[in-house]
Amino acid sequence: MNAPFFKYGLFGDEISLVVAFAIGIGFGFFLERAGFGRARLLAAQFYFRDLRVLKVMFTAIITAMVGLFFLSRLGLVDLSLVYLTPTFVLPQAIGGLILGVGFVVGGYCPGTSCVSAATGRIDGMVYLAGMIGGLLGFAEIYPRIEHLVKATPMGQVTLAQQFNLPYGLLVFAVVLMAVGAFIAAEWAERKIGGKVPDTDSLLAPARPLAPVRRFAIVLVSLGLVAAFAGNPFRGAFARVDTKQLALDAGTKSDHVSVTQLADWIIEGRSDFVLVDVREPAEFASYHIPGARNVPLAELTPDFVARNERIVVCSEGGIHAAQAWFLLRSLGFPAVYLLFGGLEEWKDTVLYPAAPPASAPARDHIEFAKRAAVAKYFGGAPQTGGAPMPASTPALPRLTPPVPAAAPAGVPGAKPKKKKEGC
Amino acid sequence: MSSTPDDSLLEKPHMNPYWAGFGLGLVLLTSFVVMGRGLGASGAFTTAVATAVHSVAPAHATGNAFYAEYLGDGSVSPLKDWLVFEVLGVFVGGFLSGALGNRLRFTIEKGPRISNPARLALAAAGGALMGVGAKLALGCTSGQALSGGALLNLGSWIFMMCVFGGAYAFAWFLRRQWL
Amino acid sequence: MIEYTTTRHNPGVDPILHLWGWEIPLYLFLGGLVAGLMILSGYHILRSRWDRDQAQGHYVTAPLLSLALLSAGMLTLFLDLEHKLQVWRLYLTFRPASPMSWGSWILLFVYPALVASALLTLAASLPRLRQRLPVLARVSESLAGHNGAVHLIGFANVVLGAMLGIYTGVLLSALGARPLWNSALLGPLFLFSGLSTGAATLHLLSHLTPRAGEGSPGFSDALASVMVNWLRPPSAQDGSRKLEQADNSFLTIELALLALFFGGLMTSTLAHQTGARLLLTGPWAAPFWVFVVGSGILLPLLLQFLQAQRRIQSTWVPALLVLGGGLALRFILVGAGQASHWSVALP
């Protein structure tokens with residue numbers, strides 16, 4: 001099993017949105033079940049009346065944390081591919097304080113306000129409107145506070161890396177801390193809030209081994225195992241299976257044709273990285289729109305994420321083929337060759353030649369499509385004699401000049417959208 | 001078929017917080033395993049706001065570094081975003097759970113000692129603060145505290161402590177709203 | 001739109017045809033919705049052995065609403081036409097092979113049927129107008145008193161509604177240049193989608209029609225009191241449950257037709273398969289699965305099932321979701337259809 005599934009290309013961007021919807025339903029369902037659609041119940045946290053927020057949040061955190069630790073330790077999930085929001089100490093501390101004040105003033109956080117609005121709470125709807133106002137305001141002051149937002153950057157860093165402690169030991173510590181906090185919370189609820197303990201709770205359950213107590217015991221023991229289980233991250237070593245490499249190379253299953261690539265670019269597919277391994281000077285004179293210039297010498301083990309689908313291209317194909325072997329042995333599983341390289345790209349995509357008039361109709365239809373594709377990339381179809389109704393006939397040229405730069409409006413020319421994070 | 005009339009459908013109690021948290025944790029774990037990312041909420045609203053501003057004043061939106069980050073290259077609609085679809089699901093899931101528990105009510109959640117307009121004004125103010133805070137901290141309680149907390153993210157834990165700190169420090173001033 | 005012949009023998013089709021914006025899908029949606037309303041209210045007229053006193057609140061407003069919606073739909077269609085001043089020419093000929101010709105003639109008969117049905121219910125739907133214009137009231141009463149006329153109006157509404165509903169799908173499937181639309185199931189699919197949106201509209205009306213003899217709600221807050229009105233159980237006790245059940249069966253049939261539609265395409269040529277994949281996994285997959293299948297069919301099915309079982313409160317949310325799903329279906333099928341192309345099948 002290669003998880004995270006999405007990062008290993010099990011499904012594309014479109015299906016990921018369907019997955020998002022399904023996961024969102026689960027998220028919203030449990031938020032509402034927990035009572036997080038009601039501001040008074042959430043705010044009770046800050047007056048020690050009902051410490052639901054703490055209990056739900058930390059149970060969720062330790063459940064997911066322990067689960068992820070063991071799935072990664074068993075090699076089922078590549079933990080390094082799970083997105084980690086980069087740390088900016090100062091803005092995150094200030095943002096957290098503002099958010100905390102906003103929480104007790106408004107009674108919700110963004111996720112819970114969605115649930116409260118969905119169940120008809122008018123204060124939840126007004127809260128959402130207020131949040132939109134806050135975002136509009138933030139955008140206006142953003143240019144002036146950009147230095148603050150990006151202050152004290154520490155990159156993507158976990159507690160384990162920061163304090164140089166084993167990941168598993170921290171997992172155990174967090175589980176212990178959470179269970180301790182739960183017990184303290186139940187005690188505080190009874191002392192300060194005067195709340196009668198639940199029949200299924202840690203402190204005073206109806207029977208000694210109530211389900212919640214068993215659950216806590218399971219989590220603590222799993223945490224104890226985790227403390228000694230070692231590192232959950234996968235090593236950077238990949239075993240090269242020469243037979244598999246030979247098979248991939250021999251069956252041409254690693255080839256991408258130039259017309260296929262052109263279609264991908266037109267469709268705006270973002271599930272692959274096009275890597276141009278030529279020298280920067282050649283790259284500057286012309287390159288396929290959206291391509292990244294990485295000369296052969298700069299192909300390091302971390303130049304893109306290991307799960308990316310990589311299409312390598314060069315002028316003819318030899319350098320690309322060498323890059324293919326290099327990348328495969330560096331442990332990139334999905335590397336493809338642009339068959340024929342840029343020469344083929346120019347001949348077939350930029351300047352397709354018209355079929356002779358005697359050719360079957362399907363050739364002419366195909367040419368009409370290729371002609372449209374050529375225009376998209378700033379090239380020109382080479383019409384021979386056959387009159388084409390779909391395009392204005394261009395004069396045939398023997399040595400067509402290559403367009404200087406990627407034409408405007410082609411995907412890849414502008415910055416890509418921020419894809420992860422909150 | 002039961003013969004209970006609609007009006008006597010009783011509101012069911014909320015779930016035991018530990019088991020609700022367990023369910024939430026499993027959803028979060030599913031998101032990690034399937035998508036390689038955690039949950040979120042505020043980002044969806046930022047994308048929606050950026051898209052709305054872009055459709056009203058395109059030049060203003062593309063000129064603003066904050067909006068530009070959420071708009072992308074224009075090849076696909078910025079609303080085709082993971083968090084946008086996830087938050088749509090949150091609305092659906094919340095409604096479904098509320099309907100099943102008979103907790104759908106058009107009411108205002110507040111303590112007995114505050115008027116409706118005052119509560120709504122505070123809700124709007126809290127929302128605005130939350131919008132600013134979430135963008136400053138690169139995430140809200142869902143994206144940072146919950147998801148980052150489970151990943152032992154350094155910044156997320158700093159953030160989480162500050163959220164609880166800020167809320168507890170300010171709670172006393174707002175006791176009239178809730179108690 | 002430039003009035004196109006429907007094969008690829010014209011230069012507008014290759015390589016991609018993107019001529020239809022929001023107007024056509026909106027027209028198809030409104031046409032289907034009106035078709036559904038006509039069938040349902042026609043059926044209601046036929047079944048209830050017309051008696052004005054028995055007329056249910058939301059059914060009597062349906063014909064008037066249909067007239068308004070159909071006119072709005074025709075307006076969008078007219079906006080879409082390239083040669084707006086030539087529109088009268090459609091009514092000079094009848095070409096049996098042209099779906100546009102069929103459509104314009106069906107619409108010509110739909111209006112009188114709707115007007116007649118509106119007249120029949122006028123007494124109940126607009127009592128004030130009845131007092132102002134006694135002529136209309138007399139026409140209405142004589143129609144309602146005549147059993148044969150009532151039956152004819154009911155029957156005409158059902159038949160013309162079905163024709164209108166199927167026509168909205170045939171309009172697309174007749175355009176042979178697009179493999180995605182090349183399915184005979186598009187007609188029935190749009191008909192049943194129209195029926196489900198029609199039932200949802202009636203359901204929505206039943207929630208919004210004020211209940212007689214009810215005082216103002218006890219909420220001081222204006223916003224809350226307006227919204228509380230929406231949450232009340234519908235005024236007609238039995239009719240609403242029947243509508244929920246009818247809507248659920250329409251949605252189930254729609255789901256089955258969608259499955260058959262894709263089954264048919266996936267077992268056909270490569271061009272058809274590629275067309276179907278635009279919706280199943282391609283650029284339209286997310287809105288299709290989420291808005292059409294998820295929140296447009298499955299979710300309202302579940303909610304209406306639970307409502308019918310009295311497990312949850314009755315709300316107007318499922319009706320709104322069905323309407324949204326119907327709209328999304330038209331937009332997505334029109335958009336993806338225009339992107340599907342035969343040339344993918346070439347080597």
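1. Let me start where chains B and A meet: the rule finds 6 salt bridges across their interface, a salt bridge being a side-chain nitrogen of Lys or Arg within 4 Å of a carboxyl oxygen of Asp or Glu. One to look up in your viewer is Arg103(B) with Glu32(A), where the closest N and O atoms are 2.7 Å apart.

2. A word on conventions before going further. This is a predicted model, in which local features need pLDDT of at least 70 and side-chain atom pairs count only at pLDDT 80 or more, while totals for chains, interfaces and linings use all residues. Residues are numbered from 1 along each chain as its sequence is written, chains are lettered from A and ligands numbered from 1 in the order in which they are written, and side-chain values use heavy atoms, with hydrogens and water left out.

3. Polar contacts add to the picture: 45 residue pairs, both at pLDDT 80 or more, are in polar contact across the interface of chain B and chain A. The term covers a pair of N or O atoms within 3.5 Å; within protein, one must be able to donate a hydrogen and the other to accept it, and residues adjacent in sequence count only if both atoms are side-chain atoms. On the side of chain B that touches chain A, the elements giving two or more residues include helix H1 (17–35), helix H5 (82–100) and helix H6 (116–136). H1(B) gives the most, with 18 residues. (Helices are DSSP runs of H or I with at least four residues, strands are runs of E with at least two, and both are numbered from the N terminus.)

4. How much is buried between the two chains? The area comes to about 12000 Å², with carbon and sulfur atoms giving 74%; buried area here is the accessible area (1.4 Å probe) that two parts lose on being put together, summed over both. Tyr18(B), Leu136(B) and Leu152(B) supply 7% of the area that chain B buries against chain A, more than any other three residues. The contact (heavy atoms within 4.5 Å) takes 125 residues from chain B and 137 residues from chain A.

5. Helix H7 of chain B deserves a look. It is largely enclosed by the rest of the structure, because 10 of its 10 residues are buried, meaning under 20% relative accessible area (exposed is over 50%, partly exposed in between; 1.4 Å probe, protein chains only). Among the buried residues are Thr141(B), Gln144(B) and Leu146(B). Leu152(B), which follows H7(B), has a positive phi near 55°.

6. Gln177(B) sits in helix H9 of chain B and is buried, with a relative accessible area of 1%. What does its side chain reach at 3.1 Å? The partner is the backbone oxygen of Val105(A). The side chain of Gln177(B) also makes a polar contact of 2.9 Å with that of Arg119(B). Beyond neighbours within four places in sequence, Gln177(B) is in contact with residues including Val104(A), Lys110(B), Ile114(B) and Leu122(B).

7. Finally, the chain totals. Chain A has 15 helices and 7 strands, and 51% of its 422 residues count as buried. Chain C has 13 helices and 0 strands, with buried residues making up 53% of its 347 residues. In chain C, 77% of contacts between residues at least 6 apart in sequence join residues at least 24 apart.
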